[in-house]
Amino acid sequence: MTERMTIPNALARALLAAAALCGPAATLAVDRTDAPVWELSIRADRHSDPVPLADLDSDDLDRLRARSGRSLAYVEDEIRASRTQGAWTWSLLARSSATLIANRDALELAAQLARVAPADRDRHWNTEVDFRAFSGAGLEAARAFKVADAWDAKLSVQLLSLARWREREINGPVSYDVATRGYSFDVRSTETSDRLDFPFRQAFGSHGLGLLLGGEITWQGPQVAISVAMRDLGWLRWSGVPQDDARLSSFTQSYDADGFVIYEPLIQGQYNQSGRTARLAPKWALKASWESNGYGRFEAATDWLPGFGALPSVGWGQRFGSIDLGLGWRFHERRATVSLAWEGLRLRFGADRFGSGAHSRDVTLGWAFTF
């Protein structure tokens, strides 16, 4: 599993160079009895607006394309082993999560600076890049509740030992003047990373800690069901993790011996290892479904990603004997999904296209059993 995305790195290196010159899941068909139910599952859910998935771990920006508005890239990989008995579910899991949100100006600037040829006209970009990634392994405890006749709820808590943690924010204006063939910029970059190195760096904790909460409430009618869920509300903490606060500016000035003003680029930064605790805003999911006699189950849903917004989807499912078949479509990702559940086996595959040009893909495999 990986949480590496290189667009913030490429943009930061480009700016430094300029300073020197810049779906719905299928229902699991397992009868709930007094015997414990075990489940093994693996999931790789990946999407990238700016570049194909094949280029996520590459510094090559030849295929970078800026989407109108803000662009999104994310990685959600997880391996899980669960045991459910009664209302309780206990899980051992390893997961990797990464999210990149960048505006159109930031991606256009990164693409421009990756080219050999300069811009052909005066340009101005107002860059905004927000990147967060972590990976780790740990334990999750979840409990289901019967709130009322038609109401059910579920709460979960996840405790992770973090092996990786990285955050990066880049924001500020950048301009290009054709007459002088020069860039002017006033950009700030803040970074937290367990892989960040600098002179006189001191030893720090080998692992961080993550505490993440989740919850869901569902109303189930005769044919209609509505649910609201949230996940990953919590905190990440790493003692002594390296941090860097840097500013890149060409709007600074100094004076020579004769008193004349000299304009020159400024690249300054401040490292610290004070340790960091970051609060994670929750990711929300709203889903409504309608069971039509003879025509299957219709679903409409939307995920709400902090800092980005809604990611809507629709789906349809139908049961054929012991087989549950599902089809889905995610609008932002432009991803079609097919899912299949049979006995304790659960399969799902989704993609926007096949081959190395794919920008979105979801692969899930699960197996539930009792013994």
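What is the accessible surface of the protein chain, and what percentage belongs to carbon and sulfur atoms? In this predicted model, local features need pLDDT of at least 70 and side-chain atom pairs count only at pLDDT 80 or more, whereas totals for chains, interfaces and linings use all residues. Residues are numbered from 1 along each chain as its sequence is written, and side-chain values use heavy atoms, with hydrogens and water left out. The accessible surface (Shrake-Rupley method, 1.4 Å probe) comes to about 19200 Å², of which 57% belongs to carbon and sulfur atoms. Of the 371 residues in the protein chain, 44% are buried (under 20% relative accessible area, 1.4 Å probe, protein chains only).

The protein chain holds two helices and 20 strands (DSSP runs of H or I, at least four residues, and of E, at least two, numbered from the N terminus). The largest nonpolar core (buried Ala, Val, Leu, Ile, Met, Phe, Trp, Tyr and Cys residues joined through side-chain atoms within 4.5 Å) has 28 residues, of which Leu64, Leu109, Trp125, Val129, Val174, Tyr183 and Phe185 touch the most other members. At least two residues of this core come from each of strand 2 (70–85), strand 3, helix 2 (104–114), strand 4, strand 5 and strand 6. Helix 2 supplies the largest share, six residues. Another core, of ten residues, lies apart from it and includes Phe134, Leu160, Leu236 and Ala278.

The lining of the second largest pocket has seven nonpolar, eight polar and eleven charged residues (Ala, Val, Leu, Ile, Met, Phe, Trp, Tyr, Cys and Pro count as nonpolar, Asp, Glu, Lys and Arg as charged, the others, Gly among them, as polar). A pocket is an open set of points on a 1 Å grid over the protein atoms alone, where a 1.4 Å probe fits, with protein on both sides within 12 Å along at least five of seven lines; lining residues have an atom within 4 Å of a point. Strand 4 gives the most to this lining, with four residues.

Methods. Buried means under 20% relative accessible area, exposed over 50%, partly exposed in between (1.4 Å probe, protein chains only).
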